[in-house]
Amino acid sequence: MDLPHPPPWLRSSGAGDHELDAACVAGAALALLHGAAGADLPGRGVWLDRQALRAAVCCCAAAGRREGEPDIRDAVHMTPTGENPGPAGRLYGFWREAARRSPELDDDKVSAGRRLLGLSPSTAEDLVSIARELATGDRVGMVAAVELTARFAALPAEAEPFALWLADIVLARRSGWPVTVPLFACALQRPRGGVGRLVRQERDTWRREVLAGVAAAALEGLAQAQDLAARASRLTAAVPRLRAKGAEPLLAAVLERDAVAPAAPMLTMTARSRRRLFDRLVGLGLVRELTGRPTFRLYGL
């Protein structure tokens, strides 16, 4: 399945200057993103991981933290199993888990999301109730999710990732997507430079700002899905020619995850064989080395 390319008017610099324009652009962008969210595209797992990584970066920035994608990758991959990866690593863990879940709001899922963020059971109970109502109502998905963001202003800063996740769930549920695509964290990080700053603006501007942010985030997500699907297809087509004995689990991980560390133990390949395979894949342009380091490297599409 080939994903469609957006027409030039969707990227017009004035497309979000008025609320009606912003709504039309956001709706069109989400319609284009529907194929990536609902189809089993090559590299889909990597795409969801990358969406989660972008959401974590945006939440870090909104909280005044400076961690970028390389920092968060290191926090996750360089922390021993079972140990604390730090605030940025935990945020990524939350968003990655969110992206792998279906858009449901049962008690167990809500509790799990709160625990991942370290929130108390009483936090944002009213918001969860509203999200459940909107997720099962008859509003258009985009409208229902944007309506939910109007309730964010009264939340404490530490609850904002949880609230953004609820907006993603409402959008996914009303849009018929099988997974919850991290989108609103990236949408609300623009255009005013921070989640908290955006949602506490005047009532007559917030809807237009959020719609413009949703459009931009959806178009970026679509572009990334197209790029990763093409990369994944090239890697899949090349696998029979690689003739790398025992490499199937490693290559499957590359097609499913944001990043893979060759140092991770595998029963089917030695550490040296794994490093040589990744060097070969990089040389063929099939994967990228993501750190720029000579040691402790990470690889991905």
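Contact here means heavy atoms within 4.5 Å. With that in hand, welcome to a tour of a predicted model. Arginine 50 makes a good starting point: it is found in helix H2, and it is in contact with Arg73, Gln224, Leu228, Asp258, Arg288, Leu290, Gly300 and Leu301, leaving aside its neighbours within four places in sequence. From there we move to the nonpolar core, the cysteines, the cavities and a pocket, and end with two single residues.

**Arginine 50**

- Is arginine 50 buried or exposed? Arginine 50 counts as buried because its relative accessible area is 6%, and buried means under 20%.
- The contacts of arginine 50 include two arginines, Arg73 and Arg288, along with Asp258 and Gln224.
- Leu228, Leu290 and Leu301 are also among the residues that arginine 50 touches, as is Gly300.

**The nonpolar core**

- In soluble globular proteins, nonpolar side chains tend to be buried together.
- In this model, the largest nonpolar core has 97 residues, and helix H11 gives the most to this core, with 15 residues.
- Which residues have the most contacts inside this core? They are Trp95 and Leu148.
- Leucine 148 touches Leu127, Ile130, Ala131 and Leu134, and also Leu166, Ala167 and Val170, when residues up to four places away in sequence are not counted.

**Cysteines**

- How many disulfides does a search of the whole structure find? The search finds zero.
- Cysteine 59 is in no disulfide, and the nearest cysteine sulfur, in cysteine 58, lies 7.0 Å away.
- For cysteine 186, the closest cysteine sulfur is also that of cysteine 58, at 4.0 Å. A disulfide needs two cysteine sulfur atoms within 2.5 Å, so the sulfur of cysteine 186 is too far away for a bond.
- Cysteine 59 is buried, with a relative accessible area of 6%, and cysteine 186 is buried too, at 1%.

**Cavities**

- The structure holds two cavities of 30 Å³ or more.
- The largest cavity has a volume of about 40 Å³. Its lining is made up of Phe94, Glu97, Ala98, Arg101, Lys109, Ala112, Gly113, Leu116 and Trp165.
- Helix H4 (86-99) and helix H5 (107-117) each supply at least two residues of that lining, and the largest share, four residues, comes from H5.
- By class, the lining of the largest cavity divides into five nonpolar, one polar and three charged residues.
- The second largest cavity has a volume of about 30 Å³. The residues around it are Ala36, Leu41, Pro42, Gly43, Arg44, Trp47, Ala225, Leu228 and Ala229.
- Helix H2 (44-62) and helix H11 (203-242) each supply at least two residues of the lining of the second largest cavity. H11 gives the most, with three residues.
- Seven nonpolar, one polar and one charged residues make up the lining of the second largest cavity.
- Leu228 links two topics here: it lines the second largest cavity and is in contact with arginine 50.

**The second largest pocket**

- About 340 Å³ of space lies in the second largest pocket.
- Which of its 15 lining residues are the closest to the centre of this pocket? They are Ala63, Leu91, Leu117, Glu158 and Pro161.
- Helices H2, H4, H5 and H8 (160-175) are the elements that give two or more residues to the lining of this pocket.
- The lining of the second largest pocket holds eleven nonpolar, no polar and four charged residues.

**Two residues to look up**

- Phenylalanine 296 lies in the loop between strand E1 (288-289) and strand E2 (299-300).
- Phi of phenylalanine 296 is near 50 degrees, a positive value in a residue other than glycine.
- Phenylalanine 296 is classed as exposed because its relative accessible area is 64%, and exposed means over 50%.
- Alanine 253 lies in helix H12 (residues 248-254) and is buried, with a relative accessible area of 9%.
- How many residues apart along the chain are alanine 253 and glycine 45? They are 208 residues apart, while their C-alpha atoms are separated by 9.4 Å.

Key: Residues numbered from 1 in each chain as written. Predicted model: local features only at pLDDT ≥ 70, side-chain atom pairs only at ≥ 80, totals over all residues. Heavy atoms only, no water. Buried < 20%, exposed > 50% of the residue type's maximum accessible area, 1.4 Å probe, protein only. 1 Å grid on protein atoms, 1.4 Å probe; cavity = no way out; pocket = protein on both sides within 12 Å on 5 of 7 lines; lining within 4 Å. Points joined across faces, edges and corners; volume = space filled by probe spheres on them. Nonpolar A, V, L, I, M, F, W, Y, C, P; charged D, E, K, R; others polar. Core = buried A, V, L, I, M, F, W, Y, C linked by side-chain atoms within 4.5 Å.
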